[in-house]
Amino acid sequence: METNSASSEETYPWLGQWAPIREWVGDRIVSSLELHSWSISNLKFESTVGLSREKIEDDQYGVLGPMFEQLGRKTRQHPDTLLFALLKSGFAALCYDGQPFFSAAHPARDENDNDIVYSNLQAGAGAPWFLMDTSQAVRPLVWQKRTPYEFQQVTNPNDQHVFLRDEYLYGVRARVNAGFGLWQLAFGSQAPLTSDNFAAAVASMKSLRGDRGDILGISPTTLVVGPALEAAARTLLKATSVADIVTVGGVSQAVPATNIWHESADLIVTPFLA
């Protein structure tokens with residue numbers, strides 16, 4: 001979820017779940033909303049390259065062009081480095097309710113106003129994978145922009161730096177940051193990426209309820225993995241059939257079966273989870 005910032009930090013007042021829509025009988029029933037305060041501070045980032053004027057003057061074959069293109073590429077990738085690193089840290093980093101973003105003990109209340117907990121975590125010790133619902137107005141992650149990335153250069157021959165060092169400066173500057181949104185829209189696992197574990201994650205997200213017990217209507221849309229799990233993820237979501245082990249006459253053998261998870265979610269494979 002992209003947001004524009006107007007100060008050094010922004011506070012996001014995440015609200016408890018609205019009461020479900022009910023048949024209007026008698027007076028309205030007014031439900032109070034639980035307010036949580038969560039702030040994301042903007043950070044300042046830069047990347048700077050210094051080049052002697054001779055290098056610029058002698059660049060007859062455009063060998064410096066790719067360097068500037070690479071600077072632009074790194075700039076476009078920078079949000080990914082922050083967002084995916086944040087996602088990976090979610091097993092320990094706290095979110096707005098005081099629990100780790102991926103936790104088995106997110107506090108909530110049932111329809112009888114009893115304290116309960118919900119989980120968006122699957123325990124394990126392997127490479128992490130993440131299932132998210134990105135179809136909602138609010139998203140599991142927030143990308144906050146105070147000052148967009150801007151390219152800067154110091155090439156005036158009369159500039160003090162150029163005059164003293166005979167060097168041009170080229171760089172990028174931005175004030176941005178990434179933060180957690182709603183934990184309900186993300187599920188984190190370090191268990192093996194198998195059909196059974198994926199099914200358990202989907203079922204857990206779809207069965208989440210808000211305060212007072214109403215179904216939230218969450219439906220995961222996106223699976224995010226690092227390079228180590230790319231093959232498993234493509235087999236899970238892209239293969240039309242899978243091998244099913246059956247036993248005939250006491251002998252186990254693999255037979256083709258329909259892959260029920262084929263194209264059930266978009267796949268993002270990112271090197272920034274490595």
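In this predicted model, helix 5 (230-238) lies across strand 12 and strand 15, and its direction makes about 170° with that of strand 15. Three residues of this helix are buried, namely Ala233, Leu236 and Leu237. Viewed down the helix axis, these buried residues fall within an arc of 80°, so they line one face of helix 5. Their cover includes helix 4, strand 12 and strand 15. A general feature of helices helps in reading this pattern: an α-helix has 3.6 residues a turn, so residues three or four places apart point the same way.

Helix 4, which covers part of helix 5, can be described in a similar way. Helix 4 holds twelve residues, 195-206, and at 1.5 Å a residue these should span 16 Å; the end C-alpha atoms are 16 Å apart, which agrees. The buried residues of helix 4 are Phe198, Ala201, Val202 and Met205. Seen down the axis, they fall within an arc of 95°, so here too the buried residues line one face of the helix. That face packs against strand 7 (121-122), strand 8 (129-132), strand 11 (186-189), strand 12 (222-225) and helix 5. Helix 4 lies across strand 7, strand 8, strand 11 and strand 12, and runs at about 35° to strand 8.

Lys206 also belongs to helix 4. With a relative accessible area of 44%, Lys206 is partly exposed. Leaving aside residues up to four places away in sequence, Lys206 touches Ile215, Ile218, Ser219 and Pro220. Phe272, by contrast, sits 66 residues from Lys206 in sequence, with 28 Å between the two C-alpha atoms.

The strands beneath these two helices can now be put in order. Five strands form an open sheet with the order 7-11-8-12-15 and mixed pairing. Strand 7 and strand 15 each have a single partner strand and stand at the edges, so one side of each is left without a neighbour in the sheet. At one of these edges, strand 7 pairs with strand 11 in the parallel sense over two bridges. Gln122 has Ser189 of strand 11 as its bridge partner. Past the other edge strand, the segment after strand 15 (266-269) holds Thr270. At 4% relative accessibility, Thr270 counts as buried. Beyond residues up to four places away in sequence, the contacts of Thr270 are Phe84, Val224, Val225, Gly226 and Pro227.

A second open sheet is made of four strands in the order 1-9-10-4, again with mixed pairing. Its edges are strand 1 (2-4) and strand 4 (43-52); each has a single partner strand, so one side of each is left without a neighbour in the sheet. From one strand to the next, the twist averages 30°. Within this sheet, strand 9 (residues 141-154) and strand 10 (residues 167-180) run antiparallel and are joined by eleven bridges. In this pairing Glu150 stands opposite Arg173 in strand 10. Helix 2 packs on the sheet and touches strand 4, strand 9 and strand 10, with its direction at about 155° to that of strand 9. As a general point about such sheets, the side chains of a regular strand alternate between the two faces.

Helix 2 covers residues 65-89, and Pro66 lies in it. Pro66 is partly exposed, with a relative accessible area of 48%. Although Gln99 is 33 residues from Pro66 along the chain, the C-alpha atoms of the two are separated by 45 Å.

A hairpin is formed by strand 5 and strand 6, with five residues between the strands. Strand 5 (residues 106-109) and strand 6 (residues 115-118) run antiparallel and are joined by four bridges. Arg109 stands opposite Asp115 in strand 6. Asp113, in this hairpin, takes a positive phi near 65°.

Taken as a whole, the chain has five helices and 15 strands. The C-alpha trace spans about 75 × 65 × 30 Å along its principal axes. The radius of gyration is 25 Å, whereas a compact globule of 274 residues would have one near 19 Å. Of the 274 residues, 34% count as buried. Among contacts between residues at least 6 apart in sequence, 71% join residues at least 24 apart.

Definitions and conventions
Residues are numbered from 1 along each chain as its sequence is written. This is a predicted model: local features need pLDDT of at least 70, side-chain atom pairs count only at pLDDT 80 or more; totals for chains, interfaces and linings use all residues. Side-chain values use heavy atoms; hydrogens and water are left out. Two strands pair if DSSP finds at least two bridges between them. The expected span of a helix is 1.5 Å times one less than its number of residues. Buried means under 20% relative accessible area, exposed over 50%, partly exposed in between (1.4 Å probe, protein chains only). The arc is that of the directions from the helix axis to the C-beta atoms. Contact means heavy atoms within 4.5 Å. Axes are lines fitted to C-alpha atoms, for helices over the stretch in contact, and angles run from 0 to 180 degrees between N-to-C directions. The radius of gyration is taken over C-alpha atoms; the globule rule is 2.2 Å times the number of residues to the power 0.38.
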